[in-house]
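Welcome, and please have the viewer open beside you. We will go through the strands, the core and the rings in turn.

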Amino acid sequence: KANNLSDSSVTVKDDYAEFTYEKELNGKEYFYYARCLKNGTDYWLFQFACETKNSEKYTSTFEKWASTIKFDA
């Protein structure tokens, strides 16, 4: 709500939550893929972005990259 992402819905998976949204910046539309991970008591938000016209091309890549994020104990 704070970022006016009313069209975005959060999907909760086994050990993370994710959402996508689009925003206009400097006359271009951008697509964002965001994944939230928990590490102990800390929460981390990772975002990947591309122009909206390329979102179908890059969404699976963003998901793949996000799945490689690991925390050291």
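Which residue in E3 does Glu-22 stand opposite? Glu-22 faces Phe-31 of that strand. Please keep in mind that this is a predicted model.

## Strands and hairpins

Let's begin with E2, residues 16–25, which pairs with E1, residues 11–12, in the antiparallel sense over 2 bridges. In this pairing, Thr-11 is the residue opposite Glu-18 of E2. The two strands make a hairpin, and 3 residues lie between them.

E2 also runs antiparallel to E3, residues 28–39, and 10 bridges join the two. Here too there is a hairpin, with 2 residues between the strands. If you look at Asn-26 in this hairpin, you will find a positive phi near 55°.

## The nonpolar core

Next, the interior. The largest nonpolar core consists of 6 residues: Phe-31, Tyr-33, Phe-48, Cys-50, Phe-62 and Ala-66. At least two residues of this core come from each of E3, strand E4 (42–51) and helix H1 (55–67). Such a grouping fits a general pattern: in soluble globular proteins, nonpolar side chains tend to be buried together.

Cys-50 is a good residue to centre your view on. Beyond its neighbours within four places in sequence, Cys-50 is in contact with Tyr-30, Phe-31, Ser-55, Tyr-58 and Phe-62.

## Cysteines

Is Cys-50 buried or exposed? Cys-50 counts as buried because its relative accessibility is 9%, under the 20% cut-off. Cys-36, in turn, has 25% relative accessibility and therefore counts as partly exposed. As for disulfides, a search of the whole structure finds 0.

## Aromatic rings

There is plenty to explore among the rings, with 9 aromatic pairs in the structure. One of them joins Phe-19 and Tyr-21, which are stacked at 5.9 Å centre to centre with 25° between the planes. Phe-19 has a relative accessible area of 18%, so this residue is buried; for Tyr-21 the value is 14%, so Tyr-21 is buried as well. Tyr-21 also stacks with Tyr-32, at 4.7 Å centre to centre and with 10° between the planes. This second pair links distant parts of the chain, since Tyr-21 lies in strand E2 and Tyr-32 in strand E3, 11 residues apart. Both Tyr-21 and Tyr-32 are buried.

Elsewhere, Tyr-33, Phe-48, Tyr-58, Phe-62 and Trp-65 form one aromatic cluster. Finally, take a look at Tyr-16: the charged end of Arg-35 sits over its ring, 3.7 Å from the centre.

Conventions
Residues are numbered from 1 along each chain as its sequence is written. This is a predicted model: local features need pLDDT of at least 70, side-chain atom pairs count only at pLDDT 80 or more; totals for chains, interfaces and linings use all residues. Side-chain values use heavy atoms; hydrogens and water are left out. A disulfide is a pair of cysteine sulfur atoms within 2.5 Å. Buried means under 20% relative accessible area, exposed over 50%, partly exposed in between (1.4 Å probe, protein chains only). Two strands pair if DSSP finds at least two bridges between them. Helices (H or I, at least four residues) and strands (E, at least two) are DSSP runs, numbered from the N terminus. A nonpolar core is a set of buried Ala, Val, Leu, Ile, Met, Phe, Trp, Tyr and Cys residues joined through side-chain atoms within 4.5 Å. Contact means heavy atoms within 4.5 Å. Rings of Phe, Tyr and Trp (its six-membered ring) pair if their centres lie within 6.5 Å; planes under 30 degrees apart count as stacked, over 60 as edge-to-face and the rest as tilted. A charge sits over a ring if NZ of Lys or CZ of Arg is within 6 Å of the ring centre and within 35 degrees of the ring normal.
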